[in-house]
Amino acid sequence: MTVKEVLRAHTAAHEDASAETKGQGGHAPSVAPATVAAGRASQELGVRRAEFELAVHLGLIAVTGAPGGGRPRVHEDEIARLREQPGFPDALVERVRTVGTAQAAALLDIAPARFTRLARAGCVSPVTFYLNRYRAVVWLYLADELAAFAAREPELLAGRTPPGMRTMLESGADWRARNWRSQRIDRLLDRTTDPWARTAVQASALDPVQLAEVVDDPYERAYLVRVRPEPVFGRPGSMAAREAMAELMLADDPDEILWRRVNLTLELDSAREDRPAPRPGDDGGARATPPARTGARPRAVRPAPATEPAAPPACLGASRPAAVGRTTRKGLLARLGWRGRGAG
């Protein structure tokens, strides 16, 4: 039998099997909804790639995890849904419009120096950043959030700076990186219900020493690296940007570190109850969790028991809420080996 004859026989057998499968139920087997890559989706939506990634990060566009890992993808029906929205695509572009300090100050009709003080005090939170030619971090803010802040806190845009805020700024406080971390972590948590993935998100804010103190099992730490959700937004390309991102992701204040250690401990307890981390020689590893579609219409997720406030008391005008109940907090701190290193 020649090669061509073998190929024809193989094709005929494949077609017969397909016809038989279709005839058994009167229709072909169900096919998974079609998805497209992020680059293709941004083209079909008529937005730039950076705008698309920020929209996913903010939950405006639903994405689904690729089978076996990899970059998230977008269902074609999600693209159709967005294209049918009023004002498309300008309305979507406006919701992800970012501004720097000068533009933000002009938008709020205040001096750039006053806006910088408000940002350092934690009254407004940056959504992303870039490095200028001097490799300094330049924070960017959502124009929509600034407009909402102006409507909510008009008294902070004029007159004297409140005493509490002035005292905090004079001490050198700067909440911009901390607020960026907090919002980034919260949005990554909203994209997954898997306990180990949620634990990995919390772990990303701690340096290796802090992480080892909370997660003392090296196999669990290795598993957290494997299951950490890949951010759709904020993947810096240059080496300098990657180094800046790695540095900014780590909690650097004793009080913030405590918040992250508490949250990590609580999420780790939940993950261990769900399933153990895989060990060398395990057959197939830990139970896999099917990729979930997340973004514009996320499924309900269990919130982290301890939630960091979006702004410090100097900007909130109120005392900081307790992370957990007094008894629970005391027990957690004992487990963490925390001795109040400057927390407060």
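At what angle do helix α11 and helix α13 pack, and how far apart are their axes? The answer is given in the first legend below, and the other views follow. The model shown is predicted.

**Figure 1. Packing of helix α11 against helix α13.** Helix α11 covers residues 195-203 and helix α13 covers residues 218-227. They pack at an angle of about 95 degrees, and their axes are 8 Å apart. An angle from 65 to 115 degrees counts as roughly perpendicular, so α11 and α13 are roughly perpendicular to each other. On the α11 side, the contact is made by W196, A197, T199, A200 and A203. On the α13 side, the contact is made by E220, Y223, L224 and V227.

**Figure 2. The whole protein, as background to the close-ups.** The protein has 17 helices and seven strands. Of its 344 residues, 42% are buried. Among contacts with a separation of 6 or more, 75% are between residues 24 or more positions apart. The accessible surface of the protein is about 18,800 Å², and carbon and sulfur atoms account for 54% of that surface.

**Figure 3. The crossing of helix α2 and helix α4.** Helix α2 is made of residues 38-45, and helix α4 of residues 76-83. Their axes come within 10 Å and cross at roughly 25 degrees. Angles under 35 degrees count as roughly parallel, which means that α2 is roughly parallel to α4. The crossing of these two helices, α2 and α4, is right-handed. Where they meet, α2 contributes A41, E44 and L45, while α4 contributes I79, L82 and R83.

**Figure 4. The buried and exposed sides of helix α6.** Helix α6 runs over residues 101-108, and its residues A104, A105 and L108 are buried. These buried residues lie on the same side of α6, because they cover an arc of only 100 degrees around the axis. The other side of α6 carries the exposed residues A102, Q103 and A106. The cover over the buried residues of α6 includes strand β4 (98-99), helix α7 (112-120) and helix α8 (143-152).

**Figure 5. The buried face of helix α8.** In helix α8, the buried residues are A143, L146 and F149. Seen down the axis of α8, they fall within an arc of 120 degrees, so they line one face of the helix. Turned away from that buried side is a face with the exposed residues A151 and R152. Among the elements that cover the buried residues of α8 are β4, α6, α7 and β6 (137-142). In turn, α8 is one of the elements covering the buried residues of α6.

**Figure 6. A119 in helix α7 and its contacts.** A119 is found in helix α7. Is A119 buried or exposed? With a relative accessible area of 0%, A119 is buried; the cut-off for a buried residue is under 20%. If neighbours within four places in sequence are left aside, A119 is in contact with V124, Y141, W175 and R176. One of these, Y141, is 22 residues from A119 along the chain. The C-alpha atoms of A119 and Y141 are separated by 9.7 Å.

**Figure 7. Two residues with a positive phi, D109 and R135.** Most residues other than glycine have a negative phi. D109 is not a glycine, yet has a positive phi of about 60 degrees. Where is D109 found? D109 is in the loop between α6 and α7, and comes just after α6. The relative accessibility of D109 is 71%, so D109 counts as exposed. R135 is likewise not a glycine, and has a positive phi of about 60 degrees. The loop that holds R135 lies between β5 (128-131) and β6. R135 has a relative accessible area of 63% and is exposed. The cut-off for an exposed residue is over 50%.

**Figure 8. The cis peptide bond between F88 and P89.** Most peptide bonds are trans. The bond that joins F88 and P89 is cis, with an omega of about -5 degrees. P89 has its place in the loop between α4 and α5 (90-95). Helix α4, on one side of this loop, is the helix that crosses α2 in Figure 3.

How values were computed: Residues numbered from 1 in each chain as written. Predicted model: local features only at pLDDT ≥ 70, side-chain atom pairs only at ≥ 80, totals over all residues. Heavy atoms only, no water. Helix = DSSP H or I, 4+ residues; strand = E, 2+ residues; numbered from the N terminus. Buried < 20%, exposed > 50% of the residue type's maximum accessible area, 1.4 Å probe, protein only. Contact = heavy atoms within 4.5 Å. Areas by Shrake-Rupley, 256 points an atom, 1.4 Å probe, with all protein chains shown as cover. Arc of directions from axis to C-beta. Axes fitted to C-alpha atoms, helices over the stretch in contact; angles between N-to-C directions. Parallel < 35°, antiparallel > 145°, perpendicular 65-115°, else oblique. Left-handed = near helix turned anticlockwise from the far one by under 90°.
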